[in-house]
Each structure stands twice: as structure tokens, then as C-alpha cells.
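The following exercises concern helix packing and the nonpolar core. Please examine the sequence and the model before reading each solution.

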Amino acid sequence: MSITRKRKKELRRLQADANQLWENQQILVGHAADVAREAGRQLGNFGREQVAPAVQDTYQRRVVPVVDQGVRLGKHVVDDKVVPIVGGVVGTALTAWDVANAKRSGVVHKIEKKLGKVVEPEKKGPSAGSVIALILGVAAAAGVLYAAWQALRADDELWVADDPLAAPEA
């Protein structure tokens with residue numbers, strides 16, 4: 001089956017038009033890539049010059065003081081409340097351990113006989129480990145509750161406005 005000259009000529013013209021269209025599209029895509037690259041660069045500059053300082057300033061003014069206050073409170077609780085209590089419990093437990101070891105060796109009975117003292121049997125109660133765990137658990141729960149209270153308290157300046165942002169002027 002042969003194609004007429006007229007049809008061949010039309011097909012060549014159509015092919016030339018298609019090639020011209022393809023070249024034009026390649027130029028257009030290249031130009032669009034250049035525009036997108038420049039937009040990305042401008043966006044990076046805007047982020048560095050406008051957004052990052054605003055975020056850093058807000059972080060320094062809002063987050064750092066709350067975290068520092070939480071750390072100070074946590075340190076205060078641990079240093080002034082938990083450590084002395086735990087130290088006292090550990091000291092008492094070690095003293096009881098030493099007394100129990102001394103009783104096993106008979107040293108305390110000899111001392112009690114000389115002094116005329118009678119040691120009352122210890123009351124059954126929670127062990128030293130459970131007391132320490134309870135104290136540490138209460139301190140941790142208090143720290144978590146305080147941090148949650150700080151994070152969720154009503155502070156009108158912390159909330160983001162609902163109105164949309166205006167586009168920056170070029």
C-alpha cells in the first residue's frame with residue numbers, strides 16, 4: 001500500500017510541526033525549572049531572614065523560661081525534698097541492716113544485757129524499697145503534673161491568631 005505524494009507532504013509537515021512543538025515545550029519546561037529554582041532560593045532567603053528569627057525569638061521568650069522554671073522546680077524538689085527523704089530512708093534501712101547483722105552475731109544481746117535495755121520488735125510495714133519507690137513515684141508524678149499545668153495553662157499570648165496571613169509584599 002503506497003501513500004500518495006500529497007499525503008507524504010502532509011505527514012512531513014505534521015512531523016515538522018510536532019518537532020517544533022516538542023522543541024517549544026522543552027524550552028518552556030526549562031524556563032519553568034529556572035523559575036521554580038529561583039522561587040526556591042527566594043523561599044530559603046525568606047525563611048532565613050524572616051521566619052527563623054521570629055521562631056527563635058518566640059522560642060527564647062516563651063519556651064525557654066517555662067523549661068528553665070520547670071528545671072529549677074524539679075531541681076528544688078529533688079535537692080530539697082527527695083534527696084533528704086531518700087537519704088533518711090536509706091540511712092534508717094542501713095542502720096536496721098547493721099542492727100540485724102549485729103543481732104545475728106550476738107553483739108547486741110551482750111550490749112542489751114549490760115545496759116538492761118530491751119529492744120522492742122520492729123513493726124511490720126512497708127519495706128524500704130517500697131517506701132523509696134513510693135517517694136520517687138510521687139515526686140515524678142508531681143513533676144509531670146506541674147509540667148502539664150505549665151503547658152496547658154490559659155495564656156492568651158500563646159495562642160495563634162485565626163486570621164489568615166497576608167502575603168509578603170515583593
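**Exercise 1.** Identify the buried residues of helix H3 and the element against which they pack.

*Solution.* The buried residues of H3 are Ile 135, Ala 139, Tyr 146 and Gln 150; buried means under 20% relative accessible area, exposed over 50%, and partly exposed in between (1.4 Å probe, protein chains only). These buried residues pack against H1, where contact means heavy atoms within 4.5 Å. Helices (H or I, at least four residues) are DSSP runs, numbered from the N terminus. The model is predicted: local features need pLDDT of at least 70, side-chain atom pairs count only at pLDDT 80 or more, and totals for chains, interfaces and linings use all residues. Residues are numbered from 1 along each chain as its sequence is written, and side-chain values use heavy atoms, with hydrogens and water left out.

**Exercise 2.** Determine which residues form the largest nonpolar core and which helices supply them.

*Solution.* A nonpolar core is a set of buried Ala, Val, Leu, Ile, Met, Phe, Trp, Tyr and Cys residues joined through side-chain atoms within 4.5 Å. The largest one has 5 residues: Val 82, Val 86, Val 89, Ile 135 and Ala 139. Helix H1 (5-105) and helix H3 (128-152) each give two or more residues to this core, and the largest share, 3 residues, comes from H1. Not counting residues up to four places away in sequence, Val 82 touches Val 77, Ile 135, Leu 136 and Ala 139.

**Exercise 3.** Is Ala 133 buried, partly exposed or exposed?

*Solution.* Ala 133 is found in helix H3. With a relative accessible area of 48%, Ala 133 is partly exposed. The C-alpha atoms of Ala 133 and Val 86 are separated by 9.6 Å.
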